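Got the viewer open? Let's take a walk through this structure, one selection at a time.

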Amino acid sequence: MGNKKKLIINGAIAAVVYAVVMILINQGLLSRQMMSIIIPICVYTMLAVSLCLVVGFLGELSLGHAGFMSVGAYTGALFMIRTQEVLPSIVSLIGGLLVGGCSAAVMGVIIGVPVLRLKGDYLAIVTLGFGEIIKSVINSMSVTGGAKGLSKIPLLTTHRSFTAVFILVLIVIIVVANLVNSRHGRAVQAVRDNYIAAQAVGIPVSRFKTMAFVVAAFLAGMAGVVYAGNIGILKPVQFDYNMSIEILVMVVLGGMGNIRGAIIAAVILTALPEVLRGTSDYRMLLYAIVLIAMMLFNNSGIKQRIMEKRNVNKADKAKKEA
Amino acid sequence: MLSGILEQLINGLRTGSIYALIALGYTMVYGIAKMINFAHGDIIMVGAYSLYVTIGMMGLHPVIGILITIAVCSILGVTIEKVAYKPLRKAPPLSVLITAIGMSYLLQNLALLIFKATPIPFGSIIRFPAVSIGPINISGITIVTLIVTTVSMVALTFFINKTKTGRAMRAVSEDKDAAELMGINVNRTISQTFAIGSGLAAIAGILFISQYETLLPTLGALPGIKAFVAAVLGGIGSIPGAMLGGIILGIIESLSKAYISTQLADAIVFGVLVIVLLVKPSGLLGKKKTEKV
């Protein structure tokens, strides 16, 4: 498939999704409950796509994504609270998004530079530790309201401003997709596939690792601001280990390194618990099983056979066409 | 002042020796399967709950309860290995890591479903009089903990160094293929390692719950992570390193809780991990590994 054709198809999908959601919102066809999950779906899509950059393309496991999200959410929310009477709301929102994203990115640099010298298991556990540290620091600060939480955040990103949020989601997806297909993105994937070989051909490994990590942190911070502007109150406990795992499940279920898959998984996993009420007790259990089952399936003989069959079919088709 | 510091040191020794027991499980599994068993911390939790079920609910004799607990944890450890880790032995490390996290999450949420999120109070099963030496007061639990952990560690060292199974474990962790060629059953050796590691985690869980006296589905997570820090500090893969790392970490934690800040103690422990990984990633007693293409 040509690049142009792909672009047109993806653009058409985005336009259709936007039109359908707008019609549903404006015609009042949705229940209150369905209405309330539109923005969370967007938030989780942004989070899943940004984590996809780290887990899928950089090949490192970050368990502190909720930490970056919380940094962005808190700083963005504070900015919006302080500026809500001075600035028009759209300026305040854009400012909040930038402030939130940048502060999460700064945190990404602070954490990333030392941590990204590590690999694999070590990196995972250190990011987990940092996520917990961020949570406890927010908990002990007075400007964030501590454990009581930060309330009275202006509701700038509810479903009424779906257009703005949708544009933001598109920007996030385009940024990540373009980054992955760029020279830098190929370098990042080379680091993932074989970092010694990547080093040998002259790719500055730690610089590219840090870059991917910081971009992901920036996007997660923006997602945090949207989250804050939707629910209006922030508490440190919302950003715990469970949330990082939830985002990870979306990336894994979507097929690591597959942006479209991550988006679909984010939409389904956010909508499903709301649609199937009463299963909330089993939700986390199901996530755990999904993680294990996906990994076992990915590395099992069944998948290998399916892939082989697909490759054979493709080869046959190519032969016929020739 | 001096007696205060001594008392803190003894407290640190007590917590540290529990960390050391857990860290041994991490380090043995890492040495032999080259993976970090994230679910190890949650085996402590399973141990604590099964002690509660056998003694608190069924009213069995404590000794029987302890034996059942150790058996349950060992079997659980072996089952986890067989079901989740064994099919992934040749898979990329990221897959194994995600599976291990999934396993840890699965155990926590199963406990949450069965026992609910409300903390369950559970009195200590250890009744041992406190001893005071001069101005220093040592509680009964501390004495029992120190005795139990010392005995376990001595027994483990003996087992690893002197018995045939222990030698097989060392051989497999040195070179899996060569060990197989020498006629060692690698699968069985790995299962045995998981069984012993989980058994030690069960003992740690019993000691832990005797000290904190409250059951929670997430009680294993934090000591698990701290014990992992201890294992890294001592050099992951090294058995004496895990013991040393655990005790050092326990003392650091207890001193920073007493003299710096209770809230920041966890942050300090993680700080230790970051510093160790950046300065000496192989740990205090670990072997340096050169990376080959």
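How many residues of chain A are in contact with chain B, and how many of chain B with chain A? Colour by chain and look at where the two come together: 31 residues of chain A are in contact with 30 residues of chain B. Keep in mind as you go that this is a predicted model.

**Stop 1: chain A's side of the contact**

Select helix 6 (120–140), helix 11 (241–253) and helix 13 (280–298) of chain A; each one supplies at least two residues of the side that touches chain B. Now keep just helix 13 of chain A highlighted, since the largest share of that side, 11 residues, comes from there. What kinds of residues make up the side of chain A that touches chain B? They divide into 20 nonpolar, eight polar and three charged.

**Stop 2: a pair of helices in chain A**

Next, pick helix 3 (residues 38–58) and helix 10 (residues 205–231) of chain A. Their axes come within 9 Å and cross at roughly 170°. Angles over 145 degrees count as roughly antiparallel, so helix 3 of chain A is roughly antiparallel to helix 10 of chain A.

Show some side chains here. Among the residues making the contact are Ile39(A), Cys42(A), Met46(A) and Leu51(A) from helix 3 of chain A, and Lys209(A), Phe213(A), Leu219(A) and Tyr227(A) from helix 10 of chain A. In this contact, the residues divide into 20 nonpolar, two polar and one charged.

Zoom in on Ala212(A). Leaving aside neighbours within four places in sequence, what does Ala212(A) touch? Ala212(A) is in contact with Leu53(A), Val54(A), Phe57(A), Leu58(A) and Val188(A).

**Stop 3: the largest nonpolar core**

Stay with Ala212(A) for a moment and add Ala48(A), Leu51(A), Met250(A) and Val251(A) to the selection. Of the 187 residues in the largest nonpolar core, these five touch the most other members. This core also draws at least three residues from each of domain 1 and domain 2 of chain B.

**Stop 4: the two domains of chain B**

Over to chain B. Give one colour to domain 1 (26–117 + 138–219) and another to domain 2 (221–286), following the domain assignment. Their centres, taken over C-alpha atoms, are separated by 20 Å, and the contact takes 14 residues from each of the two domains.

Which helix gives the largest share of the side of domain 1 of chain B that touches domain 2 of chain B? Helix 1 of chain B does, with five residues. To finish, check the make-up of that side of domain 1 of chain B: eight nonpolar, five polar and one charged.

Methods
Residues numbered from 1 in each chain as written. Chains lettered and ligands numbered in written order. Predicted model: local features only at pLDDT ≥ 70, side-chain atom pairs only at ≥ 80, totals over all residues. Contact = placed C-beta atoms within 7 Å. Helix = DSSP H or I, 4+ residues; strand = E, 2+ residues; numbered from the N terminus. Nonpolar A, V, L, I, M, F, W, Y, C, P; charged D, E, K, R; others polar. Domains from an automatic or database assignment. Core = buried A, V, L, I, M, F, W, Y, C linked by C-beta atoms within 7 Å. Buried ≥ 20, exposed ≤ 12 C-beta atoms within 10 Å, placed from the backbone. Axes fitted to C-alpha atoms, helices over the stretch in contact; angles between N-to-C directions. Parallel < 35°, antiparallel > 145°, perpendicular 65-115°, else oblique.
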